[in-house]
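Thanks, everyone. Please have the viewer open, and let's go straight in.

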Amino acid sequence: MIVSAVSAALLLLANPASAASATPGDPGIGDPYYPTYGNGGYDVSHYDLRLKYQPATDQLEGTATILATATQNLSRFNLDFALDVSEVLVNGRKAAFAATGEQELEVTPAAPLAKGAQATVVVRYSGIPSKVVRYGFTAWLRTPDGGVAAGEPESAWWWFPSNDHPADKATFDVSVLVPDGTQAISNGVLVSQSSKLGWTRYNWRENKPQATYLATIAIGKFDVSTETTAGGLPVVNAYSKDLGDNDGAARASVQRTGEIVDWLSTLFGPYPFSAVGGYVPNVRTGYALETQTRVFYSPRQFAGGSNTSVVVHELAHQWYGDSVSLERWSDIWLNEGFARYAQWLWSEHENEGTAQELADYVYAVHPADDAFWTVKPGDPGPDNQFDLAVYDRGALAVQALRNAVGDEKFFEILKAWPTEHRYGNATLAQFQDLAERISGQKLGDLLQVWLLTAAKPANPTTAPAAGLAAAATAPVHEPRSWKQIQATNSLHEHHVG
């Protein structure tokens, strides 16, 4: 048969990805720390989540609409998900699906997807998240009046299907139907709220790209406060009504969110999102998490009294970790080293110890044979991803950088990084390139010593050579801010059995 050029083109358009040329997407995104997390073959641009939740039974029903683009000719693709699925549609047509592995939902469209083609994926599902255990834990936190999803590096599987890796960020609409008298808190801005027949629907929107682990939902009975910063930024904070003795300290800390964001903006540049705030649910956990625009805090963070330092840490992540996200989990220093260092700068701001005094103290209290020095903040490994060394030794590396390049260049770097990579992903190598470009110095040896060597550096962070001997032998006193900073060390103790 002879086919004209026009006819051939029409045939290609009608069937752009033949079954022969299309192949399955990888079941993992390629991160060596978490080989099964995330998926290959597509990029998500938006999640629309329409949920119904019954606090009394922990029953969650959902319809997720996922807008994605195929990055290859795609015969099959995976989503990360752990609840029961009743139906999957791809571009309006029923798709075959199967649960595989710990958290893989394998989807086979009725027709292959062509590379570059946009796809609309609808997943209908239900389950009791608190009873779903994967890899030996659940990331869904049950509360006396509802439930919370907040965990790192994973929490999405328990409430929505996703490409669960920070390398694939997307915008979110989260709509939650709950019984009257119960509230639903999520990321971004509350765009509408309505009640009918005993149920209330809350519609939240995060209009800037967001990693899936930074998406959060909290359902329960909250006391919600709303205000605006001097610059007009909406601040939404929420507190469970049964926090007991921790209630006052939690409010005395989290209610300073607007003030702290304004202060951080002087260090890191303009705040990158359209809202800010935090919430404190009645959970038994001890960690906090930088869920985008709406930080999660455990009540235990405030068991010893108010703690603005933890608020500083989590809000610093809005620039370092949320707006600029890591490309792979080995680059966790780009999140935690700078968030910890923000706490050191807050200590300076509050006249409770300079960053240099804190660095000297950390260096002095860990002898050379301490296991602290065996963890490499620049590549700690999955088992040590949230080790104390990633935070404290990570902050030491930031102080070493500050001393090496001088304050003027250092604070220029602090602003340039979240400006140049806003809403994207970046790596340690890219940070080194930026810091070298701004400072005019080669910094590879310094970063190698402080981030990638499993041994205590021979010299403290102080830069001038003449001061090294004196710094090494001078008595070191505990800075006044030390205990409050250390009280945040359970920040990402995330797995809940």
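How many cavities of 30 Å³ or more does a search of the whole structure find? Two. Keep in mind that this is a predicted model.

Let's take the largest cavity. About 60 Å³ of space lies in it. Here is the lining: Tyr-42, Ile-66, Ala-68, Thr-69, Ala-70, Leu-74, Phe-77, Leu-79, Leu-113, Ala-119 and Val-121. Three elements give two or more residues to that lining: strand S3, at 59-70, strand S4, at 74-80, and strand S9, at 118-127. Which of them gives the most? S3, with four residues. Now the chemistry. Ten lining residues of the largest cavity are nonpolar, one is polar, and none is charged.

On to the second largest cavity. Here the space is about 30 Å³. Its lining consists of Ser-309, Gln-343, Trp-346, Ser-347, Glu-352, Ser-481, Gln-484 and Ile-485. At least two lining residues each come from helix H5, residues 333-349, and helix H12, residues 482-486. H5 gives the most, with three residues. What classes do the lining residues of the second largest cavity fall into? Two are nonpolar, five are polar and one is charged.

A word on the general idea. Roll a probe the size of a water molecule over the atoms, and you see where empty space is left.

Next, the packing. The largest nonpolar core has 147 residues. Which residues have the most contacts inside that core? Trp-159, Leu-264 and Trp-344. Helix H7, residues 388-405, provides the largest share of this core, with ten residues.

Stay with Trp-344 for a moment. Set aside its neighbours within four places in sequence. Trp-344 is then in contact with Gly-353, Ala-355, Leu-358, Ala-359, Val-362, Asp-392, Ala-395, Leu-396, Gln-399 and Ile-485. Note Ile-485 in that list. Ile-485 also lines the second largest cavity.

Last stop, a strand pair. Strand S14, residues 189-196, and strand S15, residues 199-210, run antiparallel. How many bridges join them? Seven. Find Ser-192 on your screen. Its bridge partner in S15 is Asn-203. S14 and S15 form a hairpin, with two residues between them. Look at Leu-197 in the turn: its phi is positive, about 55°.

To recap the cavities: the largest has about 60 Å³ of space, and its lining has no charged residues. The second largest has about 30 Å³, with one charged residue in the lining. That's my tour. Over to you.

Methods: Residues numbered from 1 in each chain as written. Predicted model: local features only at pLDDT ≥ 70, side-chain atom pairs only at ≥ 80, totals over all residues. Heavy atoms only, no water. 1 Å grid on protein atoms, 1.4 Å probe; cavity = no way out; pocket = protein on both sides within 12 Å on 5 of 7 lines; lining within 4 Å. Points joined across faces, edges and corners; volume = space filled by probe spheres on them. Nonpolar A, V, L, I, M, F, W, Y, C, P; charged D, E, K, R; others polar. Pairing = 2+ DSSP bridges. Core = buried A, V, L, I, M, F, W, Y, C linked by side-chain atoms within 4.5 Å. Buried < 20%, exposed > 50% of the residue type's maximum accessible area, 1.4 Å probe, protein only. Contact = heavy atoms within 4.5 Å.
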